[in-house]
Amino acid sequence: MLKQLSIYAENKKGTLQSITQILADAGINIWGSCTNDGAEYGINRMVVSEPEKAKEALEGAGYLCRVTSVIGVEVADEVGNLNRLLKALTESNININYIYLSFNRDSGLPVMVFQTEDPAEVEICIKNKGFSVV
């Protein structure tokens with residue numbers, strides 16, 4: 001199971017660059033990222049090499065952060081594979097709160113990162129359906 005860092009930040013020019021600078025200075029690699037904006041604040045969700053260290057560095061700079069569990073499922077880069085994953089989740093009555101794309105640097109394959117209410121249970125379900133969880 002992956003750990004994701006959620007950063008709650010003001011929606012203004014330069015904020016994302018400030019966040020990535022803090023992570024770069026701390027020697028933390030960003031493996032996947034999704035940014036959702038709001039009128040005044042947004043949420044930057046990231047899978048990073050060292051989530052707790054990243055949280056500490058960002059909180060030290062005044063950002064509000066949270067580390068949560070997410071699931072990463074490796075899928076072949078072929079037409080219909082995301083649909084196959086989503087169909088398996090739907091058939092298992094699993095709701096996805098959000099999803100974004102990353103990739104496995106070792107295999108070079110896409111990784112769909114998603115959050116559900118019970119990631120540990122969903123991870124078992126996905127594995128039983130033949131998917132590769134990273």
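Me: Which residue forms a salt bridge with Glu59?
Reply: Keep in mind that this is a predicted model. Glu59 is partly exposed, at 37% relative accessibility. Its partner sits in helix 2 as well, four residues apart from Glu59, so about one helical turn separates the two. The closest N and O atoms are 3.7 Å apart, and the partner is Lys55.

Me: How many salt bridges does a search of the whole structure find?
Reply: One of them is the Glu59 and Lys55 pair. Glu10 also forms one with Lys12, with the closest N and O atoms 4.0 Å apart, and Glu123 forms one with Lys127. The search of the whole structure gives a total of three.

Me: In the salt bridge of Glu123 with Lys127, is Glu123 buried or exposed?
Reply: Both residues lie in helix 4 (residues 119-128), about one turn of the helix apart. Their closest N and O atoms are 3.5 Å apart. Lys127 has 47% relative accessibility, so it counts as partly exposed. For Glu123 the relative accessible area is 11%, and the cut-off for that class is under 20%, so Glu123 is buried.

Me: And what about Lys12, the partner of Glu10: buried or exposed?
Reply: Glu10 counts as partly exposed, at 40% relative accessibility. Lys12 comes out at 51% relative accessibility. The cut-off to pass is over 50%, so Lys12 counts as exposed.

Me: Where do the buried residues of helix 1 lie around the axis?
Reply: The buried residues here are Thr15, Ile19, Ile22 and Leu23. They cover an arc of only 95° around the axis, which means they share one side. The face turned away from that buried side carries the exposed residues Ala24 and Asp25. So the four buried residues are on the same side of helix 1.

Me: Which elements do those buried residues of helix 1 pack against?
Reply: Helix 1 covers residues 15-25, and Gly27, with a positive phi near 75°, follows it. Its buried residues pack against three strands and a helix: strand 1, strand 2, strand 3 and helix 2.

Me: Which residue is the bridge partner of Val73 in strand 6?
Reply: Eight of the eleven residues of strand 4 (residues 64-74) are buried, so strand 4 is largely enclosed by the rest of the structure. Strand 4 pairs with strand 1 in the antiparallel sense over seven bridges. Strand 4 and strand 6 also run antiparallel, joined by four bridges. In strand 6, the partner of Val73 is Met112.

Me: Which residue of strand 7 stands opposite Glu74?
Reply: Strand 7 (residues 132-133) pairs with strand 4 in the antiparallel sense, over two bridges. Opposite Glu74 stands Ser132.

Technical notes
Residues numbered from 1 in each chain as written. Predicted model: local features only at pLDDT ≥ 70, side-chain atom pairs only at ≥ 80, totals over all residues. Heavy atoms only, no water. Buried < 20%, exposed > 50% of the residue type's maximum accessible area, 1.4 Å probe, protein only. Arc of directions from axis to C-beta. Contact = heavy atoms within 4.5 Å. Pairing = 2+ DSSP bridges. Salt bridge = Lys/Arg side-chain N within 4 Å of Asp/Glu carboxyl O.
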